[in-house]
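Trainee: Could we go through this structure together? I would like to start with the inside and then move outward.

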Amino acid sequence: MSVLVIDPNPGMRGSLQNMLVQSSITKIEFAVNASTAIKQVGKRSYDLILCEYDLDGGGGGGSDNGQDGQQLLEDMRHHKLIGLSTIFIMITSEGVYSKVVSAAELTPTDYILKPFTVDMLSGRINRAIERRAVFLPTYNLIAQGNLREAIRSAATGEATHPRHVADFARLRADMHVTLDELPQAEDIYSGILASKSIGWASLGLARVLFAQDKIEEAENVVTKLIEDNPKFMAAYDLLAKCHEMNGAAYRAQKILEEAVAISPHMVRRLRRLGEVALEAGDVVVAEKSFKQVVSRSKYSEFRDPEDHVKLVKTLLKKGDTNQAGSVIRDMEKSLRGNAAIDACKSISVALLHESAGNTSAAVTELNAAVAAVRLSKGLSSELKIDLARTCLSNRLDNAAAEVMLTVMNDIDSDVSMQDAMSVFVKAGRPDLAEGMNSRLMTQVQELLDLAAEKGNMGDVKGAVQTLLEAQHMAPKNVQVMVALAKAILRQLEDLGWDHPLAETCNTQIDAIRKIDPANPLLPGLTEDYHSAQRKYGIST
């Protein structure tokens, strides 16, 4: 067992080490706060993490000198630093435990209350290890990206481990969701709920209904879930989304306010509350929320400079230019070092100049922001789209088009070409939308040509990556789908089976079948895919 102990108190670290050694666990490393823990987890994986909830050492569960254990777990889960097989045990005092558990938020593997004996700690760890052993074959397949085999493994687990039937079914449903097989996931969740009311199954059902645009059904399920279990926090987030989809921003805001009142430490929920409140026109709640986000994220390794931009925007909407200027100065002092931060600074300063009527100064900063966006990584599509809109309002047409092209060229962006075009149409510039479409199609053709060139030179991986970029820009282009499926099949043939890539290939073939069922290349692609499966023993 490899163990990471996260605790600011040297006496407690020593005590835990002694207890672990008495339990025959000697491969132990230490972290004194959330920041060092994130760095260590980023370098290697651990079987077990023992984390003190009160990481500031003040006894009150606060985070004056850094994150608390819950905020750390939120970052680790969100950024996928710990996998399903990692055992995470939170160490808490009784008072803190009652607050944390009552919120049913980000549940770790287990809690252990202070004070505790070596036998108590050893018993909890052994119980967690025994449970993990049952699921480990399925977890390993998921980690490899072999979701089809993992689904079969989970089904076998249901048959051989009756105590864990529901948990294996949950894994199967989650994997079907990942594969975008929403009806199958819906059937699993519904089957579980037919025999027993379980909160996570109700939430899972509501989520797949929402994903299938069955908004009213999803809202009914999640409303009932909150009535039955008012502390099931993720249900509030989904209910707020349902209200947003129905155009009821104010109702969404009130739901999120309820959730924050119950569980006030979740940074991502606070951020969403600020965004929804701003959309609903409630600058008071938006300001309070974004200030809390900026404050609570101060010690996070994943601090997001966009939070400062949102706070500046809110303060300017309120008419408070002095505070907006203070936020910008704080950003300049406490955040520095990359193009994304430079972009956020320039956008914030441009908004401040724009509010003061200093058009020429605003234009200068907007041009600087566009230049920084060109070099940046990690900025959200929402921020870039807002920047494009601001450029359009200041008659910077080329700058707006350039920013939107960075959105479309970002393979991780979920913004469709139609979404990008609508930005210009809504701004009263359909001519720019037509020009953008033409430029995108030119880029797609250039990517197709480049992929063909890479393929001819034997760079099969490079060809696939280039075609994935083209597919992102033109997701419904049959020519791109065919080229991508062919390239993946060649990579599978030359370099061996790759589960995630094979799933992508299968998805492309299914999409071609739906869009162009008479395509003459479809039978050959289908047969080549099945042939590759047979070659590597994936299918008989």
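Mentor: We shall discuss the cores, one helix and one strand pair.
Mentor: This is a predicted model, in which local features need pLDDT of at least 70, side-chain atom pairs count only at pLDDT 80 or more, and totals for chains, interfaces and linings use all residues. Residues are numbered from 1 along each chain as its sequence is written, and side-chain values use heavy atoms, with hydrogens and water left out.

Trainee: Which residues touch the most other members of the largest nonpolar core?
Mentor: They are Tyr189, Leu387, Cys391, Met404, Phe424 and Leu440, in a core of 126 residues. A nonpolar core is a set of buried Ala, Val, Leu, Ile, Met, Phe, Trp, Tyr and Cys residues joined through side-chain atoms within 4.5 Å. Buried means under 20% relative accessible area (1.4 Å probe, protein chains only).

Trainee: Which helix gives the largest share of this core?
Mentor: Helix 24 (residues 478–495) does, with 10 residues. Helices are DSSP runs of H or I with at least four residues, and strands are runs of E with at least two, numbered from the N terminus.

Trainee: New topic: which residues of helix 18 are buried?
Mentor: Ala362, Val363, Leu366, Ala369, Val370, Ala372 and Val373 are. Their cover includes helix 17 (339–355), helix 19 (381–393) and helix 20 (397–409).

Trainee: And how do strand 1 and strand 2 pair?
Mentor: Strand 1 (residues 2–6) and strand 2 (residues 27–31) are parallel, with 5 bridges; pairing requires at least two DSSP bridges between two strands. Val3 has Ile28 of strand 2 as its bridge partner.

Terms used: Buried < 20%, exposed > 50% of the residue type's maximum accessible area, 1.4 Å probe, protein only. Contact = heavy atoms within 4.5 Å.
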